[in-house]
Amino acid sequence: MRKIAIIGGTGIYSPETLQCFEEKVIQTPYGAALCNIGTMCGNQVIFITRHGVGHKTAPHKVNYRANIWALKSLGTEEIFATTAVGSLNPDMEPGHFVVCDQVLDFTKSRINTFYDNPERGVAHVDFTNPYCPRLRDKVINCLYKTDIIFHKKGCYVCTEGPRFETAAEIKMFAMLGGDLVGMTNMPESLLAREAEMCYTNCSIVTNMAAGISPTPLSHSEVVEAMDKSITMITIGTIKGFIIINTNPITFCFTLFLIIGIILFYTYYLICAFFHIFFSCIIDIRSIINSVIIYITFVSLEISSLSHIHT
Ligand code: HPA
């Protein structure tokens, strides 16, 4: 069983993707983190809504360390995070999705490491590629299955917030190679790297950035841009991401089970047919019985294998 975490940004507040989820408060050395834990397609899925229920926590106030520590303590291996962003790149328009591959960090006052305590020592992690390439590929594969226009690469500029940027700042970010601007990917992605978990991001463009947009920016504009259809596509992408993570052995087991059930009903239909029309069910039954016994054995064999591999 894989342990996957979803961090939902603006517009993604409820764990609709999870079956039988349970809300749990996880205590960490940095404070409490609220996690929703459930299962989907044989994977354990943990959902955190970054800004809290009702979007009450501003980007610079999010307890990134508690969230990431909690996910690590629950055994998470992979994190898929969504973020609403402004765009500095004319090709990346509102409604487009971007699977970012780079970050420019312009945050100022956030504690961005777990290694600020002498007892834990000093660590300098490699951050050449801030997002896991393997997970990025999975998100890209999921997005190919949607109608959404998406970009396979992009440079995310993380600002401190909570204010939006000035027109001059946006001009500077564009000159530096930034494509998108948001307030939450740092230090989230860096802490995940320090905690040795794979992390990837799907950015949803909600507006053109300050100075490019013809109108002043507002938070309600960002929230409204994450309308029902965009939220549904984002949730669809999250579901796709979880399904893609399903262990092939678990998948084969489920497939065998479905085939088994279909054969079982076919068996009774055939028997009923022979019984009604020819009254000679004995021979047919003995042949089909041996097929069913064989299928049951193969399924049991595969289910025991799936325990070993998950
Ligand atoms: N700037 C910063 N953060 C954002 C923006 C923006 O324009 N849009 C959505 N999040």
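In this predicted model, a nitrogen atom of the ligand sits 3.3 Å from a polar backbone atom of Ala-84. Gly-86 also takes part through its backbone: one of its N or O atoms there is 3.2 Å from a nitrogen atom of the ligand. Glu-165 contributes with its side chain, where an N or O atom lies 2.9 Å from a ligand nitrogen. On its own the ligand would expose 260 Å², and the protein buries 95% of that area.

The residues around the ligand come from several parts of the sequence. Ala-84, Val-85 and Gly-86 are among them, as are Phe-164 and Glu-165. Val-181, Gly-182 and Met-183 also belong to this set, together with Thr-206 and Asn-207. Leu-217 and Val-222 complete the list.

The protein chain that holds these residues has 310 residues, of which 46% count as buried. Its secondary structure consists of eight helices and 11 strands. Among contacts in the chain with a separation of 6 or more, 79% are between residues 24 or more positions apart. The chain exposes about 15800 Å², and 63% of this area is supplied by carbon and sulfur atoms.

Cys-100 gives a local view of the buried part. This residue is in the loop that runs between strand E6 (97-98) and strand E7 (102-106). Is Cys-100 buried or exposed? Its relative accessible area is 0%, so Cys-100 is classed as buried. Beyond its neighbours within four places in sequence, Cys-100 is in contact with Tyr-131, Arg-136, Gly-154 and Tyr-156, and also with Leu-180, Asn-201 and Ser-203. A further pairing across the sequence is that of Cys-100 with Thr-200: these two residues are 100 residues apart along the chain, while their C-alpha atoms are separated by 8.1 Å.

The surface offers another case. Leu-257, Ile-261, Phe-264, Tyr-265 and Tyr-268 form a nonpolar patch there, and together they have about 530 Å² of accessible area. One of these residues, Phe-264, is located in helix H7, which covers residues 248-277. Phe-264 has a relative accessible area of 39%, and is therefore partly exposed. That class lies between buried, under 20%, and exposed, over 50%. Cys-100, with 0%, falls in the buried class.

Terms used
Residues are numbered from 1 along each chain as its sequence is written. This is a predicted model: local features need pLDDT of at least 70, side-chain atom pairs count only at pLDDT 80 or more; totals for chains, interfaces and linings use all residues. Side-chain values use heavy atoms; hydrogens and water are left out. Patches are made of residues with over 30% relative accessible area and no salt bridge: like charges are joined within 9 Å, nonpolar side chains (Val, Leu, Ile, Met, Phe, Trp, Tyr) within 5 Å. Accessible areas come from the Shrake-Rupley method with a 1.4 Å probe; for residues, only the protein chains shown count as cover. A salt bridge is a side-chain nitrogen of Lys or Arg within 4 Å of a carboxyl oxygen of Asp or Glu. Helices (H or I, at least four residues) and strands (E, at least two) are DSSP runs, numbered from the N terminus. Buried means under 20% relative accessible area, exposed over 50%, partly exposed in between (1.4 Å probe, protein chains only). A residue is near a molecule or strand if one of its heavy atoms lies within 4 Å of it. A polar contact is a pair of N or O atoms within 3.5 Å; within protein, one must be able to donate a hydrogen and the other to accept it, and residues adjacent in sequence count only if both atoms are side-chain atoms. Contact means heavy atoms within 4.5 Å.
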